[in-house]
Amino acid sequence: MVDSIVEKIVNGDVRTAAKLIGDIDNRVPGTREILKALYKHTGNAYIIGITGAPGAGKSTLVDEMVRDLRLQGKTVGVLAVDPTSPLSGGAILGDRVRMQRHSLDEGVFIRSLATRGQFGGLTQSTRSVIDVFDAMGKDYIIVETVGVGQDEIDIAKSAHTTVIVVVPGMGDHIQAIKAGIFEVGDIFVINKSDRSDANKTLHDFKAMIDITRKRSTNGGWEPPILMAEAVNNKGIVELLIEIEKHRKTRKALSPESIIHNKKAIAQLELIDMMKIRLVEEVLNHITNSLEFKECLDCIVDGTKDPYSACDELLSAKLPDGLQQS
Amino acid sequence: MSNNQRIKVLVSVIGLDGHFTGAEIVSRYLMDAGMEVVYLGIYQTPEMIVSAAIQENVDVIGISSHAANYEQINLLMELMKKNNFSVPVMCGGSIPPQDAEALIKKGVSKIFLPHSTSESIVDYIVSIVKK
Ligand SMILES: Nc1nc2c(ncn2[C@@H]2O[C@H](COP(=O)(O)OP(=O)(O)O)[C@@H](O)[C@H]2O)c(=O)[nH]1
Ligand SMILES: [Mg+2]
């Protein structure tokens with residue numbers, strides 16, 4: 001069963017992959033076994049992260065990038081992640097609207113994903129979907145995320161090249177500093193540079209990147225700042241050239257620093273994977289229990305405070321060794 | 001149902017029809033009901049819709065139709081059959097009774113007229129996906 005699924009995916013079977021991605025997202029039991037078997041077929045794709053505020057033009061940019069990559073004969077997987085509504089748990093995934101021209105191209109697989117995960121976990125599904133695309137043999141995998149939370153920054157860490165998209169004005173630069181994108185960005189794109197205040201944004205960014213550079217060294221890579229107009233197909237060629245340069249710079253690192261980098265990423269991913277499983281399993285275990293529901297009722301009718309409820313639930317539900325920390 | 005499971009719906013306007021308001025409002029309803037909506041926008045051909053539905057592994061397809069282009073919906077149904085791909089297809093819009101009947105004959109699972117409530121649409125989707 002696992003073997004035949006893996007074989008189909010490695011042969012690029014779209015339906016099998018699409019179904020597996022759905023199962024990954026729904027945390028269907030048994031999916032992990034497939035991912036385990038699939039893992040040895042990964043590691044060949046080049047992963048590009050595109051992140052930035054909603055409306056910055058990320059999907060439009062991705063659409064143009066895919067077009068150019070296809071002209072070069074490369075196959076592409078696109079993973080477009082949009083936020084889940086915290087109120088309803090639903091989401092509108094609208095990125096495909098900007099990528100319509102690729103919908104009949106067999107060399108392009110586009111998949112939309114909502115952030116979901118009340119306990120975090122965007123990183124986990126996203127990471128696994130990247131593995132599926134990778135095993136399918138895609139040359140490039142482009143991951144579009146809305147760059148606001150820690151999760152998105154973590155995604156950036158597992159991309160080979162992270163592109164940060166900003167637009168002129170709107171105080172975006174302030175938001176950027178808060179989210180720490182200057183540390184994770186390998187390339188900065190000021191999109192919608194048809195706007196009049198684009199040059200001011202360019203200046204602000206240059207200053208910020210200079211400050212960041214003094215704090216961290218990225219193997220000698222100096223993040224370029226590009227101007228683009230995604231809707232007018234301007235700046236895309238330049239962006240792909242910079243991505244290629246960054247790829248070469250990464251390759252040219254000393255063997256020690258390559259191993260060092262690999263270890264750092266493996267550590268991040270492994271911790272992340274364990275964190276999500278732990279939190280998910282423990283919380284599911286607790287929140288599905290009768291005691292949990294009783295505690296909720298008690299808090300609502302005022303007979304118990306949430307602090308005591310928390311302590312009681314954890315001491316009743318966690319194994320002994322985990323209780324003292 | 002594990003708490004990570006969500007109903008995934010593809011919403012699209014088909015053919016030469018620029019009326020996107022209905023499709024956008026329904027998308028919003030479905031999101032508010034906790035569903036994930038893959039929104040394709042306007043001017044989608046049956047081929048584009050089928051390809052997207054396969055890649056996105058959706059549970060249901062919702063087609064908005066306000067331009068009397070039922071031939072496109074028929075083509076969509078035929079294409080799905082040809083591709084051996086079956087998920088329920090529902091249509092919404094001002095569709096006259098005799099056309100609605102013809103669409104149902106073609107395999108469309110349900111027609112929603114413009115006055116349909118959001119609850120009726122949500123309830124219907126939940127009922128067919130649970131089946
Ligand atoms: N003026 C201008 N608008 C753009 C540019 N690039 C994208 N847009 C528009 O910005 C809006 C949001 O684009 P989208 O790609 O969906 O942004 P995303 O939310 O970051 O994925 C759309 O209406 C695009 O047409 C650009 O270079 N200049
Ligand atoms: Mg987008």
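Two strands count as a pair here if DSSP finds at least two bridges between them. Keep that rule in hand as we walk through this predicted model, starting in chain A. Strand S6 (residues 161–166) and strand S7 (residues 187–190) of chain A are joined by 4 bridges, so they pass the test, and they run parallel. If you'd like a spot to zoom in on, find Val165(A): it sits opposite Val189(A) in S7(A).

Now zoom out a little. S6 and S7 belong to an open sheet of 7 strands in chain A, with parallel pairing and the order S4-S2-S5-S1-S6-S7-S8. What happens at the two ends of that row? Strand S4 (108–114) and strand S8 (225–227) of chain A are the edges, and each has a single partner strand, so one side of each has no neighbour in the sheet. From one strand to the next, the twist averages 20°. As for what holds any sheet together, strands pair through backbone hydrogen bonds, in either a parallel or an antiparallel way.

Helices pack on this sheet too. Helix H4 (residues 58–71) of chain A touches strand S1 (46–52), strand S2 (76–82), S4, strand S5 (140–146), S6 and S7 of chain A, and its direction makes about 175° with that of S5(A). Then there's helix H10 (residues 236–251) of chain A, which lies across S1, S5, S6, S7 and S8 of chain A and runs at about 125° to S1(A).

Time to look at charges. Side chains of opposite charge can pair when their charged atoms come close. Over all chains, the count comes to 22 salt bridges. One of them links Arg27(A) and Glu280(A), with N and O 3.1 Å apart. Why is this pair worth a look? Arg27(A) is in the loop between helix H2 (14–25) and helix H3 (31–38) of chain A, while Glu280(A) is in helix H11 (residues 255–287) of chain A, so the pair ties together parts that are 253 residues apart in sequence.

Next, let's bring in chain B, because a second sheet takes strands from both chains: it is open, has 6 strands with parallel pairing, and follows the order S3(A)-S2(B)-S1(B)-S3(B)-S4(B)-S5(B). Its edge strands are S3 (91–93) of chain A and S5 (110–112) of chain B, each pairing on one side only. The twist here averages 25° from one strand to the next. Helix H3 (residues 70–82) of chain B packs on this sheet, touching strand S1 (8–14), strand S3 (60–64) and S4 of chain B, with its direction at about 170° to that of S4(B).

Where do the chains join within that sheet? S3(A) and S2(B) run parallel and are joined by 3 bridges, and Ile92(A) stands opposite Val37(B) in S2(B). At the other end, 3 bridges connect strand S4 (residues 89–92) of chain B with S5(B), also a parallel pair. There, Gly92(B) stands opposite Phe112(B).

The sheet is just part of the story, so let's finish with the whole interface. The contact takes 32 residues from chain A and 31 residues from chain B. Together the chains bury about 2600 Å², with 46% of it on carbon and sulfur atoms. The interface has 3 salt bridges; Arg111(A) and Glu56(B) form a salt bridge, their closest N and O atoms being 3.8 Å apart. There are also 20 residue pairs in polar contact across the interface. On chain B's side, helix H1 (21–32), strand S2 (36–44) and helix H2 (46–56) each supply at least two residues, and S2(B) gives the largest share, 8 residues.

Definitions and conventions: Residues are numbered from 1 along each chain as its sequence is written. Chains are lettered from A and ligands numbered from 1 in the order in which they are written. This is a predicted model: local features need pLDDT of at least 70, side-chain atom pairs count only at pLDDT 80 or more; totals for chains, interfaces and linings use all residues. Side-chain values use heavy atoms; hydrogens and water are left out. Axes are lines fitted to C-alpha atoms, for helices over the stretch in contact, and angles run from 0 to 180 degrees between N-to-C directions. Contact means heavy atoms within 4.5 Å. Buried area is the accessible area (1.4 Å probe) that two parts lose on being put together, summed over both. A salt bridge is a side-chain nitrogen of Lys or Arg within 4 Å of a carboxyl oxygen of Asp or Glu. A polar contact is a pair of N or O atoms within 3.5 Å; within protein, one must be able to donate a hydrogen and the other to accept it, and residues adjacent in sequence count only if both atoms are side-chain atoms.
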